[in-house]
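I opened this model to look up one helix pair and the ligand surroundings. My notes follow in the order I checked things.

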Amino acid sequence: MIGGGVTGATVAVIGGGVIGASVAYHLAARGVRDVVVLDRAPRAGEGSTGRATGGFRVQFATAVNVRLSLLAREKLRRFTDETGGYCGFIPAGYLWIARNEAELAALRSALELQRANGVDDAVEVDADAIARLNPALRREEIAGGTYCASDGFVAPLKILDGYRRAAERLGVRFVWDADVIGLRRGRDGRITAVCTASGELSVGNVVNAAGAWAAHVASLAGVALPVTPLRRQVAVTVPTAVLPQTMPMTIYAGDGFHLRVRDGRVLLLLPTAGAADAFDVNVDPGWIDAVERIARARVPCLTGVVIDRAACWAGLYEMSPDGHAIIGTARSVPNLYFANGASGHGVMHAPALGQLLAEIVVDGAATSLDVSALRPDRFADLGAQRACELL
Ligand SMILES: Cc1cc2nc3c(=O)[nH]c(=O)nc-3n(C[C@H](O)[C@H](O)[C@H](O)COP(=O)(O)OP(=O)(O)OC[C@H]3O[C@@H](n4cnc5c(N)ncnc54)[C@H](O)[C@@H]3O)c2cc1C
């Protein structure tokens, strides 16, 4: 047996990253008594959560993501009161840059949607305003942008830590070095036990919170979950003071190049299609050269600021087919719940996703937000992947 005595009512959360910890905390806070988090890593933060750069924004282009962010922001603002932890929320702002009219039109349309969904402080900014918000950017080619002052940064590992400690105080057990290798199902299709190398745990419900590895965990129950890993690389400069710590996150709408200052270094990101081996988290030296060239062209003061190649890192996004989270139950395995596919927004949305998933487990439906757009079977409805019919 894992973690001592077990009852059939145990909720096993597979994955102890920021989402698993948030789910576990919110379940316990809702009065669920027997919650166990199983993670194959030796300690917390070994998955994607420990590799996130810590951006937070409400500036999304779909209503459900805007609303998830608003719920998460409200929870982050009272994170210490709720959990006793510290989430490191710094509203340094998020500045989107358009370099042509088409990009600006897309940002305007997203802004309209944000305002219709309750965002009251995101605004369109012209080139002059952008120069005031981030004077380091080369002005040529900037057509305009959008800005939200209350967006900014959070501390991913501190959010994980806050939820984990609060969950433990409510009686949740976190078991490390617990690689889930099987999910035993009964005649009615429900999962009855979670199997690891060191034993089996009888369970009443299972939550899949395995991040980029969620598809494998779902497959253990015979369910095809369309979550795929996507490498994201981060280039890190040597310590420098050329850009202020208070600089807003600055992101170019066209190619997703973005930069922020963290711990006295500049972090540079440029999305790519990912590695040949989808789980590869090595940093491609050619990619570093490319992102360095772009950074110097768009942010001239970075010319001469060297990339610290040893400090660069990569991690995995957990992509769903439409880039939105998957939250709810599996149609064919009703006691298997998904908190998956956050598609690179999992840290900022973890406070909301944990609360919503706990509501689904306890009440049978999410009550604080309509998340029907995120239901697992939407991919079957769309006919996106035949295998998803299993959902
Ligand atoms: C470079 C980079 C930058 C990012 N920047 C941001 C950002 O600015 N803002 C933001 O919101 N998000 C960002 N993200 C995304 C964010 O990191 C993820 O969305 C988030 O961490 C997902 O949390 P999680 O708990 O689902 O996954 P994870 O933290 O990966 O946790 C999953 C856990 O499951 C465990 N596990 C897997 N399989 C098994 C198994 N079979 N048995 C037991 N345990 C298992 C793993 O060990 C792991 O600990 C970034 C990601 C990367 C890589």
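I started with helix α1 (residues 18–29) and helix α6 (residues 156–169) in this predicted model. Their axes come within 8 Å and cross at roughly 30°. Angles under 35 degrees count as roughly parallel, so I logged α1 as roughly parallel to α6. I also noted the handedness: α1 passes α6 in a left-handed crossing.

Next I listed the contact residues. From α1 I have Val18, Ala21, Ser22, Ala24, Tyr25 and Ala28. They meet Pro156, Ile159, Leu160, Tyr163, Arg164, Ala166 and Ala167 in α6. By class, the residues of this contact of α1 with α6 divide into eleven nonpolar, one polar and one charged.

Then I turned to the ligand. How many residues are around the ligand, and which come nearest? I found 41 residues around it. Gly17, Gly47, Gly211, Gly315 and Gly346 come nearest.

I sorted the shell around the ligand by class: 19 nonpolar, 15 polar and seven charged.

I checked which elements feed the shell. α1 is there again, supplying at least two residues. So do β13 (228–236), β17 (313–319) and α9 (346–363), at least two each. β17 gives the most, with four residues.

Last, I asked where the ligand lies relative to the domains. Domain 1 (11–51 + 156–226 + 321–390) gives residues to the shell around the ligand, and domain 2 (91–153 + 229–319) does too, so I placed the ligand between them.

How values were computed:
Residues are numbered from 1 along each chain as its sequence is written. This is a predicted model: local features need pLDDT of at least 70, side-chain atom pairs count only at pLDDT 80 or more; totals for chains, interfaces and linings use all residues. Axes are lines fitted to C-alpha atoms, for helices over the stretch in contact, and angles run from 0 to 180 degrees between N-to-C directions. Angles under 35 degrees count as roughly parallel, over 145 as roughly antiparallel, 65 to 115 as roughly perpendicular and the rest as oblique. A crossing is left-handed if the near helix is turned anticlockwise from the far one by less than a right angle, and right-handed if clockwise. Two residues are in contact if their C-beta atoms, placed from the backbone, lie within 7 Å. Ala, Val, Leu, Ile, Met, Phe, Trp, Tyr, Cys and Pro count as nonpolar, Asp, Glu, Lys and Arg as charged, and the others, Gly among them, as polar. A residue is near a molecule or strand if its C-beta atom, placed from the backbone, lies within 6 Å of it. Domain bounds come from an automatic or database domain assignment.
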